[in-house]
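Q: I should like to take a close look at a single part of a protein model. Please begin with the chain as a whole and then turn to that part.

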Amino acid sequence: MKKVIIVIGILVLLAGGAMPLINGMIMEKIARQTMTNVNEMNLGSGSDVKVEISSFDRGFSSSTIEWRIDFGILSTLYGVDEIVFVETATHGYGGVVSETRLDRNPWFNDLINLHLSGKNPIHIKTEYPIFGKITSTVTVDGFSIEDGEDIFYVEPASIVLSLDKQIRQVQSLVHWQGGEVPGKMKIGRISVSSAMEKITPFIWDGRTTLELDSFKVDDQSEQFEVKKALIET
């Protein structure tokens, strides 16, 4: 009996020690299935935007994944053909947590180096739990950017996006502390919350709420002000 207990104990320890590897395998399956679901959803809605995992280097306790989003015909609108995301994931015992970089994009590096003094204000963290929804959190540090003679001061912001693995339910929460072009425009705090459920690729049901603390235009040619706005759809 003691030998059986010892053997079971050893198996439990081995299984526990292997959890980072197992969670890394689960995370890869989730990532690839999510990519497939996103592409099927875009195709079903008539969009030619395509998501691709161009490389997936999975180790025992960590993985490096390169994602690419091809904007298709929308590239003419955005002026960018694709976005490359490099995700570095750490395999834990309860799931996987990753951080994502954008520095494989020349246009992004140009923006940082030419307009933001070489400091990247964007930080992306994603959690892949064994059970439950995938959650991505984007935080943006405050920064300023010049546009001709004007300087736009951007306050910190955060975006939390949560979705199930089948992309049937999507929740998002956006908080932005506002921004200002001195002497011309000032935007107060903005919050946007949304909870949507997919009915068909074309139809989503849910609710979106936007709260605006204040918005003021005080230019020489135009004056306009809004306070405490609430919009629900």
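What percentage of the 233 residues of the protein chain count as buried? Please then describe the surroundings of arginine 168.

A: The model under discussion is a predicted one. In the protein chain, 28% of the 233 residues count as buried. The secondary structure consists of four helices and 15 strands. The chain exposes about 14900 Å², and 59% of that area is supplied by carbon and sulfur atoms. If one considers the contacts between residues at least 6 apart in sequence, 42% of them join residues at least 24 apart.

Arginine 168 lies in the loop between strand 9, residues 157-163, and strand 10, residues 169-176. Its relative accessibility is 48%, and arginine 168 therefore counts as partly exposed, since that class lies between 20% and 50%. The two strands on either side of the loop run antiparallel and are joined by seven bridges. One pairing can be followed residue by residue: leucine 161 has serine 172, in strand 10, as its bridge partner. The hairpin that these strands form has five residues between the strands, and in it isoleucine 167 takes a positive phi near 55 degrees.

Strand 10 also has a partner in strand 13, which covers residues 190-198. These two strands run antiparallel as well, with eight bridges joining them. Here leucine 173 stands opposite serine 193 of strand 13.

The contacts of arginine 168 can now be placed in this setting. Leaving aside residues up to four places away in sequence, arginine 168 touches Met196, Glu197, Lys198 and Trp204. Of these, tryptophan 204 is 36 residues away along the chain, while its C-alpha atom is separated from that of arginine 168 by 9.1 Å.

For a view beyond this loop, one may turn to the largest nonpolar core, which has 26 residues. Met27, Ile53, Ile65, Trp67 and Tyr128 touch the most other members. Several elements each supply at least two residues of this core, among them helix 2 (19-44), strand 1 (50-58) and helix 4 (106-115). Helix 2 gives the most, with six residues. In soluble globular proteins, nonpolar side chains tend to be buried together. Methionine 27 touches Phe56, Ile65, Glu87, Ala89, Val96 and Tyr128, again not counting residues up to four places away in sequence.

Notes: Residues numbered from 1 in each chain as written. Predicted model: local features only at pLDDT ≥ 70, side-chain atom pairs only at ≥ 80, totals over all residues. Heavy atoms only, no water. Buried < 20%, exposed > 50% of the residue type's maximum accessible area, 1.4 Å probe, protein only. Contact = heavy atoms within 4.5 Å. Areas by Shrake-Rupley, 256 points an atom, 1.4 Å probe, with all protein chains shown as cover. Pairing = 2+ DSSP bridges. Core = buried A, V, L, I, M, F, W, Y, C linked by side-chain atoms within 4.5 Å.
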